[in-house]
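Thanks for sharing this one with me. I have put my notes into numbered points that you can follow alongside the model.

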Number of protein chains: 2
Amino acid sequence: MTTIKDIAKAAGVSVTTVSRALNGYSDVSEKTRKKIMDIAKQLNYSPNTLARSLVMNKSKTIGLLVSGMTRSAVKDNFTFEVMTGVNDYIAKTDYDVILFNTNSTKQREKTYSQLCRERRVDGVILQGIKTDDPYLTEVVESDIPCVLIDIPIQSDRVGYVTTDNVHGAKKAVQHLLELGHRHIAMMNGHDYAFVSKQRLQGFYEAMEEANVPIQKEWIVNGDFSEEMAEARAYELFTKHQHITAIFCASDLMALGVMKALKQLGLRVPEDVSVVGYDDILLASYVSPALTTVAQNKFQMGYEAASMLIDMLEGNEAKVVTLRTQLVVRESTAEVKKG
Amino acid sequence: MTTIKDIAKAAGVSVTTVSRALNGYSDVSEKTRKKIMDIAKQLNYSPNTLARSLVMNKSKTIGLLVSGMTRSAVKDNFTFEVMTGVNDYIAKTDYDVILFNTNSTKQREKTYSQLCRERRVDGVILQGIKTDDPYLTEVVESDIPCVLIDIPIQSDRVGYVTTDNVHGAKKAVQHLLELGHRHIAMMNGHDYAFVSKQRLQGFYEAMEEANVPIQKEWIVNGDFSEEMAEARAYELFTKHQHITAIFCASDLMALGVMKALKQLGLRVPEDVSVVGYDDILLASYVSPALTTVAQNKFQMGYEAASMLIDMLEGNEAKVVTLRTQLVVRESTAEVKKG
DNA sequence: CGCAAAATCCGAAACGTTTTGGAAAAGATA
DNA sequence: TATCTTTTCCAAAACGTTTCGGATTTTGCG
């Protein structure tokens, strides 16, 4: 592999001059610059980023730490869409993305920040990490610039992007209320997700503002899993037959809930209205199509990447909150009279 | 950031000894090794991979070059599943993945192999690249070990993994033939995909073995795009009303075809049987559920990664062909009598 | 032509590792 | 004790860049 030295020798100049010529400095004459460029091309030269990174002390690399890259998560295109957004923005810069996966054996022995430090990434984007993850604090407390997705931690080195979860959930529940529902349950995620708390709050606010009493035993956790949600819903609806509507903190769980309802012989939306959250691809394809709160996952990734690059260029960490949108489809209907 | 030098100073030994201690060489006494390890931990030392890569001349990094990371491709979880497979295997090794995207502006100015060479990746996996991509030959002809997905090029430095496309397509068409269909069309991808040619061949073989005449004008290209397939199918079925079944070279195109049929007032499967290829997530969720040829996309990525790492460890490039499976769902039925 | 200013070039150090070839210290053997 | 082995350590070079400070050459001008 040809190096800057080879070029220097071939051109009869010093490596300094080659370096400066290739990097567009002004203190090299056009004549020699041209000569050097030509030789570089002819020798099929590619700069060695490793060497450059070493001396410049920046790798022009950002780490992308996702937890949702598992075989079972293909139903959930959330992760992929976020990644696509990140990739899309980064593609316009001179950075590259290095992929760290958290569901690995490596995770146990190496912490996230260790991974980042070893590869000398300039910054990192975290997505899908639980708030109780011991390694989360580690990377947040390290001095690596990072932006979190859906985790509200902020400092001068860490920003985050999220959506207006409270408001989104509120809209969803208000939609149910407007349809006349009063016996509304909620399938939440788990306690280690910021969004769960937020969406629960939105649920509360909507119910309280409408003066509808909240039944605490109608609020259950499905762990953001389709199967778990199905099981929980099955229990819930067999025990409490008054429930006419349920708000789910994710579409995947809504799918599970609908399965349970089907098993119980309850029709959606005639007997029970279901609304989800996320607007994953499947939401519009299942039958009945799922009413849900759409969040722009692509944009979340895009904004995260944009913010990170901004930070790397000296700007300060921000927090970005994106709008959500209620998408009414077929899984919600007016409550039955009587 | 603490370096090996800091440790050396703190331990009162040379950097050589620190390096060798940390890397488990035998020529350092257990006593000093322990001391060095302790100091390293205490100083929160992380080795600098850049420096190591530079001197070792290997980066322990593989490039993942995908073309399907676009906003419009979320329906098609093909790319994501392959990536997941790759990631899953790599997670078990001491390599990391660096993500190159091809649909970028960078692509125009930098070739794939340039990207790879600059980052000094040890090997690269290519997925979703068209066979006529000028940069494809470039990386294949470079000396970077690489494994291709669904592109049959082989040398001592390049292997590939694919599925038994001919056989898969044949099974799909035979399924239609067994249902009594004789007027069978095909929606193919484009000429720059190896799989298109293979699947076409499977189509031919099945038809010829059954002694069913082939109508060349019933074979059209949908460019692997849902919209394009919809348009082409609309034309096809308005012009040729004899057609009772169509085999599509991808599920996404099958979805487009079904849309066109719906517009034309043709029912699936009563009037027209449709079979797809891939078994994407949506296939089982659309209505009617799509009969299709399933390929294990996760495994494709997994095998690709496995082969690449094998190659990097000195083994030779191979070709891996995975089995496909016909999944009969609701979009195919016996041909109508009369 | 002579001299200052500007333009162009370069040597050497630095970045943080690994590795080679041997030196020093410790232990074993006679 | 003297010699030979084995164990333990280290100095220095190398990987391919960038950059600092200064050196050399060219240019401009009176």
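The points below go from the chain pair to the sheet, the DNA, a helix pair and a few backbone details.

1. A word on conventions before we start. This is a predicted model, in which local features need pLDDT of at least 70, side-chain atom pairs count only at pLDDT 80 or more, and totals for chains, interfaces and linings use all residues. Residues are numbered from 1 along each chain as its sequence is written, while chains are lettered from A and ligands numbered from 1 in the order in which they are written.

2. How are the two chains related? Chain A superposes on chain B by a rotation of 180 degrees with 0.0 Å of shift along its axis, at an RMSD of 0.0 Å (a least-squares fit on the C-alpha atoms of residues with pLDDT of at least 70 in both copies). The copies are therefore related as by a two-fold rotation axis. Among the residues of chain A, I98(A) comes closest to that axis, with its C-alpha at 2.1 Å.

3. The contact between the chains draws 40 residues from chain A and 40 residues from chain B (contact means C-beta atoms, placed from the backbone, within 7 Å). On the chain A side, α4, α5 (78–90), β2 (96–101), α6 (105–109) and α7 (112–119) each supply at least two residues; helices (H or I, at least four residues) and strands (E, at least two) are DSSP runs numbered from the N terminus. By class, this side of chain A has 16 nonpolar, 14 polar and ten charged residues. Here Ala, Val, Leu, Ile, Met, Phe, Trp, Tyr, Cys and Pro count as nonpolar, Asp, Glu, Lys and Arg as charged, and the others, Gly among them, as polar.

4. Please look at the strands where the chains meet. β2(A) and β2(B) run antiparallel and are joined by three bridges (strands pair if DSSP finds at least two bridges between them). Within this pairing, L99(A) has V97(B) as its bridge partner.

5. That strand pair belongs to an open sheet of twelve strands with mixed pairing, in the order β11(A)-β5(A)-β4(A)-β3(A)-β1(A)-β2(A)-β2(B)-β1(B)-β3(B)-β4(B)-β5(B)-β11(B). β11 (319–322) of chain A and β11 (319–322) of chain B stand at the edges with a single partner strand each, so one side of each has no neighbour in the sheet. On average, neighbouring strands are turned by 20 degrees against each other, direction ignored. Further along in chain B, β1 (residues 61–66) and β3 (residues 123–127) pair in the parallel sense over five bridges, and I62(B) stands opposite G123(B) of β3(B).

6. Now to the DNA. Around strand D there are 27 residues, the closest being I4(A), S19(A), N48(A), A51(A) and V13(B) (a residue is near if its C-beta atom, placed from the backbone, lies within 6 Å). Both chains take part: α1 (4–11), α2 (15–22) and α4 (49–56) of chain A, with α2 (15–22) and α4 (49–56) of chain B, each give at least two residues. α4(A) has the largest share, with five residues. The surface near strand D comprises 13 nonpolar, ten polar and four charged residues.

7. What about DNA strand C? V13(A), I4(B), S19(B), N48(B) and A51(B) come nearest among the 27 residues around it. For strand C, α4(B) gives the most, with five residues, and the surface divides into 13 nonpolar, ten polar and four charged residues.

8. One helix pair deserves a look. α1(A) and α2(A) pack at about 105 degrees with their axes 8 Å apart, which means that they are roughly perpendicular (the class for 65 to 115 degrees). I4(A), K5(A), I7(A), A8(A) and A11(A) of α1(A) meet V15(A), V18(A) and S19(A) of α2(A). Those residues are six nonpolar, one polar and one charged.

9. Finally, some backbone details to check by eye. The V268(A) to P269(A) peptide bond is cis, with omega near 5 degrees, and P269(A) sits in the loop between α12 (251–263) and β9 (273–278) of chain A. Another cis peptide bond joins S287(A) and P288(A), with omega about 0 degrees. In chain B, D150(B) has a positive phi near 65 degrees although D150(B) is a residue other than glycine.

Terms used. Two residues are in contact if their C-beta atoms, placed from the backbone, lie within 7 Å. Axes are lines fitted to C-alpha atoms, for helices over the stretch in contact, and angles run from 0 to 180 degrees between N-to-C directions. Angles under 35 degrees count as roughly parallel, over 145 as roughly antiparallel, 65 to 115 as roughly perpendicular and the rest as oblique.
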